[in-house]
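Student: Hey, can we go through this protein together? I'd like to get a feel for how it's put together.

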Amino acid sequence: MSGRVAGLPEWDRCAVMGVVNVTPDSFSDGGRWFDTSDAIKRGLDLVSGGADLVDVGGESTRPGATRVDEDEELRRVIPVVRSLTSEGVVVSVDTMRASVAEQAIAAGAALVNDVSGGLADPSMVSVVAAVGVPFVVTHWRGFSQDMNSRAVYGDVVAEVLAELRRRMDAVVEGGVAPERIVVDPGLGFAKQADHDLTLLAHLHRLRGLGRPLLVGASRKRFLGRVLAGENGTPPPTRERDAATAAVSAIAAHAGAWAVRVHEVRATADAVRVARAIEDAAAEGEPP
Ligand code: PMM
């Protein structure tokens, strides 16, 4: 099974995390939900389409992106978090800033999704520990501006495992309860396409970290490379949703706790099929 995260609802299958990027420049959907009311509507639509929780972010992390300033990030994120939580949506906040996490939690966010795993802001871990919300520890080697130059590995699975384990230890040392930690291999963060594919092929080893696993493959570059035609041109990001749903099924089958996706409908089906196959396998076991 996919595991339980203290402080969040328990789903009986891999959960679907829908994405609302309140940004003008995100890699996959930049600008589409930049306006506050569009972003809120998008969050509600994702829930109607099958999202179990909605991840709200105000800073693009696409390769090469420069950072947004704190006031602007707060302006983008907080009203969307407040409005969605007031509608009963389980919201996670995608931020590398402790101040944004703190205000988002005050506005009702149930989970802090920090793609830097607490490395970008030295106050992040203590803020999360103090309020006692769940925390996503993502594998990360540095800010977007130069992350591609850090995509150098001898054994990508072993190195990601070791680096995640170190971050988990540091986060627990900082006061976050182990049962509130989620781990994430950080597909595309300081990784080339081959690294992402190898990590997906070894999700069972990442589960060995002993905590629920979040997988964020949606529309990413490695899918563009897999889907590229003979001339090597990758399809535009919005044409990668079928491939994303395929990864969702594979991740769910490998025991992921949740998948983070931009279009939820096909993934919601994929995780249900994965669950049905798991049930059938359990029923087919000899006594
Ligand atoms: N990827 C992006 C943003 N946030 N959070 C987690 N936990 N894992 C991810 O893989 C992840 C993330 C980048 O995706 P986008 O900008 O295309 O939404």
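Student: Okay, to start: what do the buried residues of H3 pack against?

Tutor: They pack against helix H2 (70-86), strand S3 (91-94), strand S4 (111-114) and helix H4 (124-131). Helices (H or I, at least four residues) and strands (E, at least two) are DSSP runs, numbered from the N terminus. Bear in mind that this is a predicted model: local features need pLDDT of at least 70, side-chain atom pairs count only at pLDDT 80 or more, and totals for chains, interfaces and linings use all residues. Residues are numbered from 1 along each chain as its sequence is written, and side-chain values use heavy atoms, with hydrogens and water left out.

Student: Which residues of H3 are the buried ones?

Tutor: In H3 (residues 98-106) they are Ala 98, Ser 99, Val 100, Ala 101, Ala 104 and Ile 105. Buried means under 20% relative accessible area, exposed is over 50%, and partly exposed is in between (1.4 Å probe, protein chains only). Just after H3, Gly 108 takes a positive phi of about 115°.

Student: New topic, the sheet. What's the strand order?

Tutor: It's an open sheet of 8 strands, ordered S6-S5-S4-S3-S2-S1-S8-S7, with parallel pairing. Two strands pair if DSSP finds at least two bridges between them.

Student: Why do S6 and S7 each have one side without a neighbour in the sheet?

Tutor: Strand S6 (181-184) and strand S7 (214-215) stand at the edges with a single partner strand each, so one side of each has no neighbour there.

Student: How many bridges are there between S5 and S6?

Tutor: S5 (residues 135-138) and S6 pair in the parallel sense over 4 bridges, and Val 136 stands opposite Val 182 in S6. On the S4 side, S4 and S5 are parallel too, over 3 bridges, with Val 112 opposite Phe 135 in S5.

Student: And which way do the side chains on S5 point?

Tutor: Phe 135 and Val 137 point one way, Val 136 and Thr 138 the other way, and all are buried. In a regular strand the side chains alternate between the two faces of the sheet. For S4, Leu 111 and Asn 113 point one way and Val 112 and Asp 114 the other way, again all buried.

Student: Which residues have the most contacts inside the largest nonpolar core?

Tutor: That core has 76 residues, and those with the most contacts inside it are Val 56, Val 81, Leu 84, Val 112, Phe 135, Leu 206 and Val 215. A nonpolar core is a set of buried Ala, Val, Leu, Ile, Met, Phe, Trp, Tyr and Cys residues joined through side-chain atoms within 4.5 Å. Helix H5 (residues 156-173) gives the most to this core, with 7 residues.

Student: What does Val 81 touch?

Tutor: Not counting residues up to four places away in sequence, Val 81 touches Val 56, Val 91, Ala 104, Ala 107 and Ala 109. Contact here means heavy atoms within 4.5 Å.

Student: Last one: which residues are closest to the ligand?

Tutor: Of the 16 residues that surround the ligand, the closest are Asp 94, Asn 113, Asp 184, Lys 220 and His 262. To count as near, a residue needs a heavy atom within 4 Å. Asp 94 also stands opposite Asn 113 in S4. A polar side-chain atom of Asn 113 lies 2.7 Å from a nitrogen atom of the ligand, and one of Lys 220 lies 2.6 Å from an oxygen atom of the ligand.

Definitions and conventions
Polar contact = N/O pair within 3.5 Å; in protein donor to acceptor, adjacent residues only side chain to side chain.
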